[in-house]
Amino acid sequence: RCLEYSQYRELLFSGGWDSKVNAWDPRSSGDRVAGLTLPGKVFSMSVTDSRLVVATADRRVVSYDLRMLDAPEFDRESSLKYQTRCVRTFPDGQGYALASIEGRVAIEYFSADDEAKKYAFKCHRVQQTVFPVNSIAFHPLHGTFATGGCDGFVNIWDGKNKKRLCQLPSFPTSIASLSFNHDGTMLAVAASYTFEEGEKDHPPDQLYIRMISDSDVRPKPRSAAS
């Protein structure tokens, strides 16, 4: 279902609907070096220098210390009420963002000291229609992030200041995946119908590369007057 590579540990992690995450060493003919049992189907994963975070069925979020994969450091319930579509860790490693099928994104933190900072917000909604949020991608330099939904739109957000920075022109179908390049000047957008409305005619799968200006992703602190 998903793959994540840890440059720090030089391990490739694979997660599937068999409720397993396997760690592989690509330097030694792809030998498996660890096998983890999760509480449900693996829907999404993300890595930092020190952690592997896994989002599973039944709204569970499980985190592992990459230095000690024998047991999770925590197994939490998502703060969102419906199925998770994506989890992505902050570039600074302090927390993670969760996206769900209910058109919401949650911002959460690893440390209990930051509990008061967590929040959730609505997005990817058109009038009374709520669209799943399929993908999150953090800008590697600014820490702002993009979300892609089944409404065919990509929005860029300033999570710290709780505001939307911009919206890209619409794409012909659902946004299945997003990824910034190393310096955040380009955004890869995978547009692919995700069958949220069942079988129907739909546009072909396409991959788009969008140039991103710094003004679209740079944080914009709220003014003192506001």
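At 43% relative accessibility, Arg218 counts as partly exposed in this predicted model. Arg218 is joined by a salt bridge to Asp214, with 2.7 Å between the closest N and O atoms. Asp214 is likewise placed in the partly exposed class, because its relative accessibility is 36%, and the partly exposed class runs between the 20% and 50% limits.

In general, side chains of opposite charge can pair when their charged atoms come close. The structure holds 10 salt bridges, and the bridge between Asp214 and Arg218 is one of them. Another joins Lys118 to Glu115, at 3.1 Å from N to O. Lys118 has a relative accessible area of 37% and is therefore partly exposed. Glu115, at 45%, also counts as partly exposed.

A further salt bridge brings together the side chains of Glu102 and Arg104, with an N to O distance of 3.3 Å. Here the two partners fall on either side of the 20% limit that separates buried from partly exposed. Glu102 has a relative accessible area of 12% and so is buried, whereas Arg104, at 25%, is partly exposed. Salt bridges also link Glu10, Asp25 and Arg27 into a network.

The aromatic residues come next. A pair of aromatic rings is described by the distance of the centres and the angle of the planes. The structure holds 11 aromatic pairs. In one of them, the ring centres of Phe121 and Phe145 are 6.4 Å apart and the planes meet at 45°, so the pair is classed as tilted. Phe121 belongs to strand 12 (residues 119-122) and Phe145 to strand 16 (residues 145-149), which means that the pair ties together parts lying 24 residues apart in sequence. Phe121 counts as buried because its relative accessibility is 15%. Phe145 is buried too, with a relative accessible area of 1%.

Tyr193 and Phe195 make another tilted pair, with 4.9 Å from centre to centre and 50° between the planes. The burial of these two residues is not alike: Tyr193 is buried, with a relative accessible area of 6%, while Phe195 counts as partly exposed at 43%.

Phe121 and Phe145 also belong to one aromatic cluster, together with Phe90, Tyr109, Tyr119, Phe138 and Trp157. Tyr109 offers a way into the surroundings of this cluster. Tyr109 is part of strand 11 (residues 104-109), and with a relative accessibility of 19% it counts as buried. Leaving aside residues up to four places away in sequence, Tyr109 touches Arg76, Phe90, Gln94, Gly95, Asp114, Lys117 and Lys118. Among these contacts, Phe90 is a fellow member of the aromatic cluster, and Lys118 is the residue that forms the salt bridge with Glu115. The C-alpha atom of Tyr109 is separated by 8.7 Å from that of Ala97, a residue 12 places away along the chain.

Lys117, another contact of Tyr109, lies over the face of the Tyr109 ring at 5.8 Å from the ring centre. A charge is placed over a ring elsewhere as well: the charged end of Arg76 sits over the ring of Phe74, 3.8 Å from the centre of that ring. Arg76 is itself one of the residues that Tyr109 touches.

On the surface, Met186, Leu207, Ile209 and Met211 make a nonpolar patch of about 430 Å². Strand 21 (residues 206-211) supplies the largest share of this patch, three residues. Met186 is found in strand 20 (residues 186-191). Met186 counts as partly exposed because its relative accessibility is 32%.

Two loop residues deserve a look at their backbone. Most residues other than glycine have a negative phi. Ser19, although not a glycine, has a positive phi of about 65°. Ser19 is located in the loop between strand 2 (11-15) and strand 3 (20-25), and at 18% relative accessibility it counts as buried. Lys162 also shows a positive phi in a residue other than glycine, with a value near 55°. The loop that holds Lys162 lies between strand 17 (154-158) and strand 18 (163-167).

Methods
Residues are numbered from 1 along each chain as its sequence is written. This is a predicted model: local features need pLDDT of at least 70, side-chain atom pairs count only at pLDDT 80 or more; totals for chains, interfaces and linings use all residues. Side-chain values use heavy atoms; hydrogens and water are left out. Rings of Phe, Tyr and Trp (its six-membered ring) pair if their centres lie within 6.5 Å; planes under 30 degrees apart count as stacked, over 60 as edge-to-face and the rest as tilted. Helices (H or I, at least four residues) and strands (E, at least two) are DSSP runs, numbered from the N terminus. Buried means under 20% relative accessible area, exposed over 50%, partly exposed in between (1.4 Å probe, protein chains only). A charge sits over a ring if NZ of Lys or CZ of Arg is within 6 Å of the ring centre and within 35 degrees of the ring normal. Patches are made of residues with over 30% relative accessible area and no salt bridge: like charges are joined within 9 Å, nonpolar side chains (Val, Leu, Ile, Met, Phe, Trp, Tyr) within 5 Å. Accessible areas come from the Shrake-Rupley method with a 1.4 Å probe; for residues, only the protein chains shown count as cover. A salt bridge is a side-chain nitrogen of Lys or Arg within 4 Å of a carboxyl oxygen of Asp or Glu. Contact means heavy atoms within 4.5 Å.
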